[in-house]
Amino acid sequence: MALVATPGEKKLNPAKKLYRSIFNQETRRKTIWLLFLFPALAVYLVFMAAPLIDSLRLSLYTGVGLTPTKFVGLQNFIDLFTNPLWRGLFFGAVLHTCEFFAIHMTVQNTLGLLFAALLVSSFRGRDTFRAIIFAPATFSVLVVGFLWTLILNPSWGAVDIILNKIGLSSWALPWLGDARVALPVISLTSAWQWVGMPTMMFLAGLVGVPEELVEAARVDGASEWTAFWKIKFPLLMPVVGIVAVITFVDNFNAFDVIFAMAGVRGTPNYSTDLLATLFYRVGIAGEQPSGLPNMGIGAAIATMIFLILMIGVSLWLFVFRRQTPSQV
Amino acid sequence: MRHFKFSKLLTYFILTVWSLIVLFPIWTLIINSFKVQKDIFANPFGLPTHFTLNGYITAWTQGRFDLYFYNTIYVTATSLLLILLFGSLAAYALAKWKSRVTKFLYIFFIAGMMIPIRLGTIDLVRMMKALNLLNTLWSLIPVYVAMGMPIATFVLTAFIEDIPNEMFDAARVDGASEWNIFVTIVIPLLRPALATVAIFNMIKIWNDFWFPLVFIRAQQSRTIALGVSLLFGQYQTDWNKALSVLSMAAVPMLVLYVMLSREFIKGLTAGAVKG
């Protein structure tokens, strides 16, 4: 009856047979792989890459609402840099975002390094401390922002009560109402929430440092402190780079924490206005006095954020990846 | 020996102080959500003298938190399912198909980790309006799925590359198709990496506020984050309600975190430290 039909071939319909006779196994496999790639690529292209590129294109148009009406070349950028209506807001937002970033780099990431250095040795309760330090990172930024707004509220004064108790009542300030301290206070709130991220990254890096190296230094009489800075920290440089670039990208599109603690207008008096809140007001919600979104200027702000991110990330690739090609 | 003890003491001291700084606001939030207004002001840090669930009940029924919860779960679950499916399929192809094209595609995908999708919002609003999806949950899902692709391909491709090739070859000799290999070999082995990707994206999507804020006004499509922002404004003078709303938004993730803290930490840091 059957000649040499293997069980697999018996079930093949003619179309499949023809397909198999034309295409060899390698080609067939590649066709399947293309099908595998398709959904991910399609959704990524349509909902991420294309809108991003089109938003860059829209920065060359003018229009109120969501319709681009006229091609204006670089006029939106010229307006952003020179028109008194936008210039102050834009450069203010750039400056505040840099300050926001600087506070995260110094406070959040230094604390993260300190906690990681403490958590790397084993002791009782280590896992609990680790879990507590990281916990706020799982919260919604909005909830954290609102919560601290209540705690810092002078009419309740949870923080002020504590300052009173420890005898520092003169330190109490209208934390979010004073233009000099609002942005630092909000930045510290955000650092409070996210300090677990650098902690865990530095910890993962420190665990990877070979113990023999540190041991050798100790035998040579190096103190714990020197061993850390002379041996462990240089080996940690790739992680320092990743932490810096992640902090940078996150901070340059931070929005929720300002929304929750200062509103989209970056109160008081725009002193906490960041690039993302400016982008939201101008390009999406509509800035006073017209109340309608200015799509062109909004897209120009998005383009500027994009360029700043590109410069920062390229700098990171250039400095850190070249230094340690085997890592990262 | 004395020196050793001192450094241990210092470690405990620093970590305890920071733990208190972390736990104090969380304690203040949860404990005061069970107090009446007068009690909140008179006794902000102690246990409630008159225990009340009023804020929770009001937020749940009048504030429609029941609806916001359902919407958020629906959006998060659907997006996660699609991210894991699309991401693992693509990762398999990217890991096994070695060519210049796939190398480029891989870099193209992971470049998305450094470029926030927010910057394309103006165009996304136009797109959602044209597709008639504004004010629906389906305006959020495709964006979240796209947003999840970089981390999914990054973590999963690295993971599949570590699976020894012999396993695939053996299956192929037995006549298994690529799809069979994917379902019977890759997916089971991929489970820990899938968990990492799922947790990373779950936290991002569950907590996302930007896209609901931009895409959704209608009450029937609001998510928890959007609900919190609206109710917080509404209840700002009624602290019991405001704190109840915040607790309700924070507690589900907090409970999951307490149960799975190791996986959460691994998941959230996956972008930097390979899963």
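Reader: Let's start with the contact between the two chains. How many residues of chain A are in contact with chain B?

Author: Keep in mind that this is a predicted model. A contact here is a pair of residues whose C-beta atoms lie within 7 Å. By that count, 65 residues of chain A are in contact with 74 residues of chain B.

Reader: Which helices of chain A each supply at least two residues of the side that touches chain B?

Author: Go through the elements along the chain. Helices H3 (25–58), H6 (126–134), H7 (141–152) and H8 (158–165) of chain A are among them. Further along chain A, H10 (196–207), H13 (237–251), H15 (275–285) and H16 (295–323) also supply at least two residues each.

Reader: Which helix gives the largest share of that side of chain A?

Author: That would be H3(A), with 18 residues of the side of chain A that touches chain B.

Reader: And what is that side of chain A like by class?

Author: The side of chain A that touches chain B has 53 nonpolar residues, along with seven polar and five charged ones.

Reader: Back to H3(A), then. How do I check its length against what a helix should span?

Author: Use the rise of 1.5 Å a residue. The 34 residues of H3(A) should then span 50 Å, and the end C-alpha atoms are 46 Å apart, which agrees.

Reader: Where is the kink in H3(A) centred?

Author: Look at Leu45(A): the kink in H3(A) is centred there and comes to about 45°.

Reader: Which helix of chain B can I read by the same routine?

Author: Try H12(B), residues 239–259. This helix has 21 residues and reaches 29 Å from its first C-alpha to its last, close to the 30 Å expected. H12(B) bends by about 35° at Val251(B), with a proline, Pro252(B), following within four residues.

Reader: Now whole chains. What are the helix and strand counts for chain A, and why is chain A called more spread out than a compact globule?

Author: Chain A has 16 helices and two strands. For the spread, compare the radius of gyration with the globule rule: chain A comes out at 27 Å, well over the 20 Å that the rule gives for 328 residues, so chain A is more spread out than a compact globule. Its C-alpha atoms fill a box of roughly 100 × 70 × 40 Å along the principal axes. As for burial, 40% of the 328 residues of chain A count as buried.

Reader: What do I get for chain B?

Author: Chain B has 13 helices and zero strands. Here the radius of gyration is 23 Å, well over the 19 Å from the globule rule for 275 residues, so chain B is also more spread out than a compact globule. The box for the C-alpha atoms of chain B is roughly 75 × 70 × 35 Å. Buried residues make up 49% of chain B.

Reader: What share of contacts in each chain links residues 24 or more positions apart?

Author: Take the contacts with a separation of 6 or more as the base. The share is 67% in chain A and 76% in chain B.

Reader: Last one: what domains does the assignment give for chain B, and how do they touch?

Author: The assignment gives domain 1 (2–54) and domain 2 (64–268) of chain B. Their centres are 33 Å apart, taken over C-alpha atoms. Ten residues of domain 1 of chain B are in contact with seven of domain 2. On the domain 1 side, H1(B) gives the most, with three residues. That side divides into four nonpolar, five polar and one charged residue.

How values were computed:
Residues numbered from 1 in each chain as written. Chains lettered and ligands numbered in written order. Predicted model: local features only at pLDDT ≥ 70, side-chain atom pairs only at ≥ 80, totals over all residues. Domains from an automatic or database assignment. Nonpolar A, V, L, I, M, F, W, Y, C, P; charged D, E, K, R; others polar. Rg over C-alpha atoms; globule rule 2.2 N^0.38 Å. Buried ≥ 20, exposed ≤ 12 C-beta atoms within 10 Å, placed from the backbone. Expected span 1.5 Å × (residues − 1). Bend = angle between axes of the 7 residues up to and from the residue.
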